[in-house]
Amino acid sequence: MNAAEPPQSPVSALEPWPDTVRWQPISTDLIWVELLRLALGLAVLLVGLAVGWALQGHWLFGAGCAVVLLGGGWRAVTIVRGVHAWGYAERDDDLLVRHGLLVRRLSIVPYSRMQFVDVSAGPLERAFDLATVQLHTAAAATDARVPGLRPAEASRLRDRLTALGEDRAEGL
Amino acid sequence: MPGGVAAPQVATVPDRSESPAPAGPATGPDADQPGPTGPGATAADAPPRQRLHPLSPVLQGAKSLFVVIAGLSWSTLSRVGFGWFAVLVAVLALGATVLAVVSWYNTGYHIVGRELRVHEGLLWRRTRAIPLERLQAVEVVRPLLAQLTGLAELRLEVVGGGKTEAPLAYLSVADAARLRQRLLAVAAGTPDQETTGAVPPTPGDPEVDATTPTEREPAGRPLHAVSNTDLLVSQLLTPQAFLLPVGVAFVVAQFLSEGSWSFIAVASTLTAMAGVLLQPVRRVLDDWSFRLARESDRLRIHNGLLETRMQTVPLERVQTVVVTWPLLWRMKGWLRLRLEVAGYSGGETDDRNRPDRLLPVGDLAVGTMIVDEVLPGVRLDALPLTPPPQRARWLRPLSARALGAGLHERVFAVRSGLLTRQLALVPYARIQSVRVVQGPAQRRLRLATVHVDTAGGSGAAAYDRDLAQAWALAAELTARGHAARRAR
């Protein structure tokens with residue numbers, strides 16, 4: 001990985017320290033996972049509303065269907081953009097994770113603060129050959145989750161984090 | 001039921017001696033398993049398990065008496081009459097006492113290697129091994145009943161535990177002091193003290209051989225003692241105390257207009273009133289005769305009127321120091337100091353059990369002195385705080401003026417709050433992670449918030465900094481965190 005020294009004058013909002021940090025994107029397959037998840041939720045809602053519409057025949061149910069569909073469409077767009085916005089970078093001493101479009105978040109977690117690493121993969125993620133790596137520190141507020149990694153990359157990241165964490169582990 | 005399960009348990013408990021045998025290498029988890037090898041094999045090389053003080057179940061039972069009465073409430077009293085109420089209370093309290101006796105019989109503790117093991121439970125037996133490297137703070141608490149009987153409760157705070165781990169209730173005061181010394185010695189990693197059963201009284205610590213240690217001044221160099229009148233005045237200067245006359249007037253007016261003075265109504269009203277006043281009254285009771293002392297690299301805090309507490313916090317465990325200036329205290333120029341230790345979850349509403357009081361009330365000079373003691377080199381009155389840019393007023397028209405953040409040599413300082421002003425100090429070495437968060441409105445204004453997460457408490461947040469400055473701040477915090485940790 002490249003230099004650890006942060007530059008003095010970062011400029012852009014999306015790219016802090018653009019010269020020194022190489023951001024890695026996550027797999028775009030996560031879009032499909034998230035879209036499927038969304039579709040499942042929408043389907044349940046729509047079926048409920050449709051049954052209500054068929055039984056009652058009130059126009060409000062139809063309007064509800066339309067609202068749900070509109071919201072779903074909007075959410076699908078944000079999912080696509082959100083997955084593209086997600087990124088992580090491994091520096092010499094810390095892991096950077098950024099995500100979010102509306103509310104943008106960047107987490108900087110030193111390896112030495114790592115308590116444990118979680119690698120998880122739900123059934124949908126497994127179907128698309130993806131996994132999620134989450135880094136935990138002693139602070140509950142720490143937010144360092146990297147979804148949408150290939151299993152090979154996930155285990156590489158996990159092994160690297162664990163090795164670095166053991167190297168530099170410190171107490172509290 | 002109790003006898004059958006408890007019988008094999010007793011066999012492993014050797015004579016309750018005061019000086020345990022030298023602790024060899026840990027004998028493993030089979031020390032408490034009444035296995036076929038017989039108790040003799042394990043008892044030989046493990047230090048004997050010690051019981052809690054025999055009076056503990058009595059105290060537990062007495063404690064449950066209050067709970068029972070509170071639980072039954074006034075309305076039950078009015079419904080069943082006084083006689084039945086007394087019978088009910090007696091039966092429930094007696095049952096609680098019997099349970100307490102059984103649980104006392106099955107509870108034991110001992111130190112194995114660098115662990116404190118606590119055995120408990122009757123049907124679901126549980127052995128908790130508490131790694132002493134992770135010990136954050138030790139507390140000796142003496143509730144009123146315990147003070148009358150010369151007992152004390154020992155509480156340990158361990159990283160990762162959501163709540164106070166392993167309250168050992170109750171030990172005799174001398175036992176508690178001795179055990180605390182020993183636990184702290186083991187936690188600090190002095191191996192020679194592990195093997196000698198009881199800690200020999202060292203010259204720097206005259207407390208070990210004292211008969212009633214918590215009654216005296218805390219050992220070490222006294223730093224500050226809060227005057228009780230200041231404490232009383234400070235708690236009168238709270239919203240609750242100010243609203244009390246209004247509440248009383250309202251109740252009296254209501255009674256006068258209705259003309260009913262039944263016992264139940266008055267009692268209920270008084271109970272409700274006590275609920276409102278609970279916090280200030282509790283603060284007065286808890287922080288009565290508050291004394292702070294420094295003993296090598298530990299902080300000793302001694303406080304309490306009905307329930308005295310003696311907390312010992314290693315200074316290197318302090319995660320955050322929070323300074324608060326409540327609105328009503330400003331005319332007096334008073335402030336309050338709080339410290340955060342890892343091991344207490346931030347969302348814990350019951351703040352009684354947190355060893356977080358560093359100074360219940362004091363003026364700036366005292367606060368500065370104590371902060372300098374806890375975080376050497378930090379001057380409370382000369383922190384390099386810079387306000388956020390002017391455009392932050394669009395987001396916080398009123399409180400933007402109160403915001404401020406600054407990088408001190410050793411700590412990250414953050415100020416916030418318009419009415420109740422707060423200043424959080426986080427040592428760089430305690431930073432767990434740094435986050436930069438930017439909401440949609442902040443993006444319009446090119447602002448961002450920098451969060452610093454710590455293992456205890458809520459960390460610190462520098463709100464609405466200029467974006468470039470926020471990135472620089474995050475980079476600087478990370479770099480300083482690395483440097484500070486490496487220096488240790």
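Q: How do you know whether residues 83-105 of chain B are helix or strand?
A: Look at the shares. In this predicted model, the span is 100% helix and 0% strand. The C-alpha atoms at its ends lie 33 Å apart.

Q: Why is the span called a transmembrane region?
A: The name comes from a record. An unreviewed UniProt entry lists residues 83-105 of chain B under that feature, along with 231-255 and 261-281. Such an annotation may be inferred, so the label alone does not show that an experiment was done.

Q: What share of residues 231-255 of chain B is helix?
A: Helix takes up 92% of residues 231-255, and strand 0%. The end C-alpha atoms of this span are 34 Å apart.

Q: What makes residues of chain B count as in contact with chain A?
A: The C-beta atoms must lie within 7 Å. By that test, 29 residues of chain B touch 30 residues of chain A. On the chain B side, β17, α11, β18 and α12 each give at least two residues. The largest share is from α12(B), with 11 residues.

Q: How many residues of each class are on the side of chain B that touches chain A?
A: There are 14 nonpolar, 11 polar and four charged residues. Gly is placed among the polar ones.

Q: How do you know that strand β4 of chain A pairs with β17(B)?
A: Count the bridges. Pairing needs at least two. Five bridges join β4(A) to β17(B), so the two strands pair. They run antiparallel. Within this pairing, A:R105 faces B:V437.

Q: What holds paired strands of a sheet together?
A: Strands pair through backbone hydrogen bonds, parallel or antiparallel.

Q: Why are β5 and β7 of chain A called edge strands?
A: Each pairs on one side only. The order in this open sheet of three strands is β5-β6-β7, with antiparallel pairing. On average, neighbouring strands are turned by 15° against each other, direction ignored.

Q: How many bridges join β6 of chain A to β7(A)?
A: Four bridges join them. The cut-off is at least two, so β6(A) and β7(A) count as a pair. One partnership is A:L135 with A:A144.

Q: Where are the two domains of chain A?
A: The domain assignment gives 30-82 for domain 1 and 87-168 for domain 2. Their centres are 31 Å apart, taken over C-alpha atoms. The contact takes eight residues from domain 1 and seven from domain 2. On the domain 1 side, α1(A) gives the largest share, five residues. That side divides into four nonpolar, two polar and two charged residues.

Notes:
Residues numbered from 1 in each chain as written. Chains lettered and ligands numbered in written order. Predicted model: local features only at pLDDT ≥ 70, side-chain atom pairs only at ≥ 80, totals over all residues. Contact = placed C-beta atoms within 7 Å. Domains from an automatic or database assignment. Axes fitted to C-alpha atoms, helices over the stretch in contact; angles between N-to-C directions.
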